[in-house]
Each structure stands twice: as C-alpha cells, then as structure tokens.
Amino acid sequence: MSIVKINKLSFGYFSTHEILKDISMEINEGDFICIVGENGSGKSTLIKCILGLNKISKGMIEVNDRIGYLPQMTEIQSNFPATIEEIVLSGTIADNIRKIFYTKKDKEKAKEIMEDLDLYDIRKKCFYELSGGQRQRVLIARALCSTDKTILLDEPVNGLDPKIVTQIYSLLHKLNKKNGVTIIMVSHDVDRAIKYANRVIEIERGIIVKDVPSSEYKIGGDK
C-alpha cells in the first residue's frame with residue numbers, strides 16, 4: 001500500500017524561485033526512508049508539503065494515512081512543564097482538535113505505547129526533568145498516539161550523545177520491523193541511518209538526485 005505518493009511536485013514561496021523542482025517519489029507501507037541533503041537543499045520544505053503545511057501549486061501529493069510528526073527538538077520543548085503522560089496523551093488530539101476530555105480509548109492507547117517505549121513507570125515525571133534520550137522517546141510516543149502506522153521524524157538524533165543515538169535507532173528499528181510502523185526520517189547522520197533504512201532519498205538544490213536501496217547508497221559517490 002502506498003502511504004505517500006508525489007508526482008512532479010514543484011514548490012516555491014515566491015513565484016520566481018522554486019525550492020522543490022519536479023519531485024516524484026512514493027513511500028510504501030513498512031518502508032524506513034531516510035531523506036538526506038545539505039542545509040537548504042529543500043528537505044524541510046518537502047516535509048511541510050507532506051504534512052500539508054505548504055499549499056502546493058504544481059504537481060500532486062497524495063497521503064493515504066495520518067502521519068505522526070516529531071519535529072526537531074527546541075529549547076522551548078525542552079523546558080515544557082508537562083508530564084510524560086500529558087504530552088503522550090496530547091497526541092490523540094489529532095483525532096479531534098476541539099476535544100476537551102480524553103476518552104478511555106485514548107488513555108488505553110497512550111498506556112500501551114508508554115509501556116512499549118519503557119515510559120509508563122516514569123509517566124508522572126515532567127518533560128524538563130528527562131534526559132535527551134528520554135525526551136525523544138516521549139516525542140516518538142506522542143507521534144505514535146496520533147497514528148500507529150506512519151511517523152515522520154526531523155533530525156531525531158541531533159545533539160544526542162552516541163549511546164543515546166544507538167538507543168533511538170534501536171527503538172526506531174523495533175517500531176519498523178516488529179510493529180510495522182512506516183518511518184520517514186530526515187537526518188544528517190547518514191552513516192548510521194543507512195544501516196537501518198531500507199531506502200535513501202537524497203535531495204540537492206530542490207531536486208531528487210538519488211532514490212536507491214540503502215545497500216546501494218554511497219556517501220559522496222556518483223549520483
């Protein structure tokens with residue numbers, strides 16, 4: 001099943017400058033996709049298009065599943081005064097942004113996800129009390145609360161120490177292989193990412209220059 005299908009997508013914030021040019025790609029159920037490229041290559045713009053945050057004017061983009069999103073961690077997020085449980089539960093708001101109370105089903109889903117990600121026993125801790133790795137697990141859990149099928153992560157290991165990075169990749173690998181979660185990940189950590197991804201998509205100046213199985217991807221090689 002196709003989760004995301006893009007055909008001849010071009011996008012620019014101004015009519016005279018296109019950031020994305022003639023992008024065509026397809027992400028299938030169960031994929032673990034790594035999107036790579038230099039700063040300014042168009043990765044963030046592509047993410048916003050997939051999430052529906054950018055209104056496209058050329059081409060077509062079709063998303064066949066709700067996508068849970070994990071943005072890059074910011075200082076504001078790090079200091080957020082909510083508990084783990086509150087943050088994870090807030091992911092269910094994607095079902096209804098006007099909801100006031102969480103349902104029994106919401107709470108059961110959050111509990112199951114927190115248990116799966118080893119967060120349930122510390123669920124009453126505040127976000128700002130957590131280590132970098134714990135914070136990322138909380139945000140991944142929140143993303144999974146909005147969907148149990150597809151998550152999009154923007155630089156999920158940026159700024160974390162090597163031991164925590166290994167833990168995060170192991171978690172993503174488990175979610176993908178054991179739980180069947182489709183993962184779309186933007187990362188500069190290409191060396192490690194391609195060990196877990198099944199496909200690598202490289203963007204350069206708004207154009208896809210590589211879309212290959214991770215086993216065939218060569219860093220800095222011929223396009």
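Trainee: Which residues does Asn176 touch, leaving out those up to four places away in sequence?
Mentor: Asn176 touches Gly30, Asp31, Phe32, Val181 and Ile183, if you skip residues up to four places away in sequence. Keep in mind that this is a predicted model.

Trainee: Okay, and where does Asn176 sit?
Mentor: Asn176 is part of helix H6, which covers residues 162–177.

Trainee: Is Asn176 buried or exposed?
Mentor: Asn176 has a relative accessible area of 6%. Buried means under 20%, so Asn176 is buried.

Trainee: What do the polar atoms of the Asn176 side chain have around them?
Mentor: Two backbone oxygens to look at here. The one of Gly30 lies 3.1 Å from a polar atom of the Asn176 side chain. For the backbone oxygen of Asp31, the distance to a polar atom of that side chain is 3.4 Å.

Trainee: New topic: helices. At what angle do H4 and H5 pack?
Mentor: The angle is about 140 degrees, and the axes are 10 Å apart. H4 spans residues 104–116 and H5 spans residues 132–146.

Trainee: What do you call that arrangement of H4 and H5?
Mentor: Oblique. Angles over 145 degrees would count as roughly antiparallel, and this one is about 140 degrees, so H4 and H5 are oblique to each other. As for handedness, H4 passes H5 in a right-handed crossing.

Trainee: Which residues meet there?
Mentor: From H4 you have Lys109, Ala110 and Ile113, and they meet Ala141, Leu144 and Cys145 of H5. By type, the residues of this contact are 5 nonpolar, no polar and 1 charged.

Trainee: Let's jump to Val88. Where is that?
Mentor: Val88 lies in helix H3, residues 84–90. Val88 is buried, at a relative accessible area of 0%.

Trainee: And what does Val88 touch, apart from residues up to four places away in sequence?
Mentor: Val88 touches Ala110, Met114, Val138, Ala141, Arg142 and Cys145. You've met some of those names already: Ala110, Ala141 and Cys145 take part where H4 and H5 meet.

Trainee: How far is Val88 from Arg123?
Mentor: Their C-alpha atoms are separated by 9.2 Å, and the two residues are 35 residues apart along the chain.

Trainee: Back to H5 for a sec. What about Gln134, buried or exposed?
Mentor: Gln134, which is in helix H5, counts as buried at 19% relative accessibility. The cut-off for buried is under 20%. Gln134 touches Leu119 and Ile122, not counting residues up to four places away in sequence. From Gln134 to Leu117 there are 17 residues in sequence, and 9.5 Å in space, C-alpha to C-alpha.

Trainee: How many residues of H1 are buried?
Mentor: In H1, residues 43–50, 6 of the 8 residues are buried, so the helix is mostly covered. The buried ones are Lys43, Thr45, Leu46, Ile47, Cys49 and Ile50. Just after H1 comes Gly52, with a positive phi of about 80 degrees.

Trainee: Which residue in strand E1 has a positive phi without being a glycine?
Mentor: Lys8, with phi near 50 degrees. Lys8 lies in strand E1, residues 2–11. Most residues other than glycine have a negative phi.

Trainee: What about Glu155, what is its phi?
Mentor: Glu155 has a positive phi of about 50 degrees, and it is not a glycine. Glu155 lies in the loop between strand E6 (150–154) and H6.

Trainee: Buried or exposed, that Glu155?
Mentor: Buried: Glu155 has a relative accessibility of 7%.

Key. Residues numbered from 1 in each chain as written. Predicted model: local features only at pLDDT ≥ 70, side-chain atom pairs only at ≥ 80, totals over all residues. Heavy atoms only, no water. Axes fitted to C-alpha atoms, helices over the stretch in contact; angles between N-to-C directions. Helix = DSSP H or I, 4+ residues; strand = E, 2+ residues; numbered from the N terminus. Parallel < 35°, antiparallel > 145°, perpendicular 65-115°, else oblique. Left-handed = near helix turned anticlockwise from the far one by under 90°. Contact = heavy atoms within 4.5 Å. Nonpolar A, V, L, I, M, F, W, Y, C, P; charged D, E, K, R; others polar. Buried < 20%, exposed > 50% of the residue type's maximum accessible area, 1.4 Å probe, protein only. Polar contact = N/O pair within 3.5 Å; in protein donor to acceptor, adjacent residues only side chain to side chain.
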